[in-house]
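Colleague: I'm new to this one, so could you show me the structure and let me quiz you on the words you use for it?

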Amino acid sequence: MARECTISDHRHAVLARHLETISFIMKKDNTKEFFSRSIEETMDSIYGLALRLTRNPADAEDLVAESVARAWSAIESLDDKQRFRPWLFRILHNCFISDYRKKSVRPNETSYDESPDKNGEDEIVALMINQSDDFMHWWANPEKEFINQLLGENILKAIENLPEAFRTTVMLVNVEGLSYDEAAEVLCVPPGTIHSRMKRGRTLLQKELWDQAKEEGLILDNQLQR
Amino acid sequence: MTHDDNHIEDIDCTEAIGHLYAYLDDEIDDMESLAKLENHMKHCKSCFTRSEVERALSGRIQKAAKSHAPASLQNRLRDLIQKF
């Protein structure tokens, strides 16, 4: 038999709704505080990745702002707060692919994985593996020779000249310190792909630096003949 | 060579170089492979040197490619989050 709704029942219902509202506001405030703090902590990293992807400071700023807006909209999908960085990197990368890649001045090179430049790799592998011990000692004298003469500008130019897939992977792993598993999650590829991209990306990077060093006279022909 | 090293199977330079980047990225989970690689580098001057060069270059790349978000972006993001 149905019981008549009393004033007390009504008050309880109103109170429960108020409590729900307060709880929702508190949860949202906590989430917003966490989000804001996390963005502050990762701002340099996401801008750095955006800059290497877009190769343009103004586009990089727009990409970061758009990604942060999308991240806030999708905050409920973040299962583990400890993984905020890779989660945000993934959103930024997806945002770049969907909205910014087409603006890129250069054609995208995503098919590079499937049709690698074997000649370039063979050349650097030959340089790095088959050289004599004397040559290696010259190459490997970082305090006095090659590496210390590589300016930040040379390195940035070499990174920017990498095909996009390798550039992004090198940025995530080498620069931002993500594990292969985390980078794989960001780029939606198997960890084995990250492993091979890191090998090939570094090889291409070294080849680029090597070419720059030759152009700038840091490596002389008579040194190559040792 | 220590007594323990005698029990570690040696690998050649090609195999060592094949694992080198994963080693530098701290991505070798298999302890046996790790032991073989480290053992090889103890005895192979060429691979050890290469490893040191790669490590140094990796450090230079990390340092060179780090960016700082410009003040304009920092302010823009703070304003944006304020509106959420």
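Modeller: Sure. Let's begin with chain A: of its contacts between residues at least 6 apart in sequence, 72% join residues at least 24 apart. Do keep in mind that this is a predicted model.

Colleague: What makes up the secondary structure of chain A?

Modeller: Chain A has 11 helices and zero strands. Along the sequence the pattern reads α-α-α-α-α-α-α-α-α-α-α. Buried residues account for 44% of the 226 residues in chain A.

Colleague: Why is A:Tyr47 called buried?

Modeller: The cut-off for buried is under 20% relative accessible area. A:Tyr47 has a relative accessible area of 6%, so A:Tyr47 counts as buried. Its place is in helix H1 of chain A.

Colleague: Which residues does A:Tyr47 touch?

Modeller: Leaving out residues up to four places away in sequence, A:Tyr47 touches A:Pro57, A:Ala60, A:Glu61 and A:Val64, and from chain B it touches B:Ser67, B:His68, B:Ala69, B:Pro70 and B:Leu73.

Colleague: And B:Asp26, why is that one called exposed?

Modeller: Exposed starts over 50%. B:Asp26 has 67% relative accessibility, so B:Asp26 counts as exposed. You'll find B:Asp26 in the loop between H1 and helix H2 (31-43) of chain B.

Colleague: What is phi of B:Asp26?

Modeller: Phi is near 60° there, a positive value in a residue other than glycine. Most residues other than glycine have a negative phi. A:Cys188 also has a positive phi, near 55°. That residue is in the loop between helix H9 (180-187) and helix H10 (191-215) of chain A.

Colleague: Now the interface. How do you know that B:Arg78 and A:Glu40 meet in a salt bridge?

Modeller: The rule wants a side-chain nitrogen of Lys or Arg within 4 Å of a carboxyl oxygen of Asp or Glu. For the side chains of B:Arg78 and A:Glu40, N to O is 2.7 Å, so the pair qualifies as a salt bridge. Across the interface of chain B and chain A the rule finds four salt bridges, and there are 18 residue pairs in polar contact.

Colleague: Which helices of chain B supply residues to the side that touches chain A?

Modeller: Helix H1 (13-24), helix H3 (45-65) and helix H4 (71-83) each supply at least two residues. H3(B) gives the most, with 14 residues. By class, that side of chain B has 16 nonpolar, 10 polar and nine charged residues.

Colleague: How many residues does each chain bring to the contact, and what area is buried?

Modeller: Chain B brings 35 residues and chain A brings 50. The area buried between them is about 3,900 Å², with carbon and sulfur atoms giving 63%. On the chain B side, B:Tyr21, B:Arg60 and B:Phe84 lose the most area to chain A, together 17% of what that side buries.

Colleague: Which residues have the most contacts inside the largest nonpolar core?

Modeller: Those are A:Phe35, A:Ile39, A:Val64 and A:Val68, in a core of 59 residues. Helix H1 (residues 7-54) of chain A contributes the largest share of this core, 10 residues. Not counting residues up to four places away in sequence, A:Val68 touches A:Phe35, A:Ile39 and A:Ile46, as well as B:Leu77, B:Leu80, B:Ile81 and B:Phe84. Apart from that core lies another, of 13 residues, including B:Ile11, B:Ala22, B:Leu24 and B:Cys47.

Terms used
Residues numbered from 1 in each chain as written. Chains lettered and ligands numbered in written order. Predicted model: local features only at pLDDT ≥ 70, side-chain atom pairs only at ≥ 80, totals over all residues. Heavy atoms only, no water. Contact = heavy atoms within 4.5 Å. Buried area = accessible area lost by both parts, 1.4 Å probe. Polar contact = N/O pair within 3.5 Å; in protein donor to acceptor, adjacent residues only side chain to side chain. Helix = DSSP H or I, 4+ residues; strand = E, 2+ residues; numbered from the N terminus. Nonpolar A, V, L, I, M, F, W, Y, C, P; charged D, E, K, R; others polar. Core = buried A, V, L, I, M, F, W, Y, C linked by side-chain atoms within 4.5 Å. Buried < 20%, exposed > 50% of the residue type's maximum accessible area, 1.4 Å probe, protein only.
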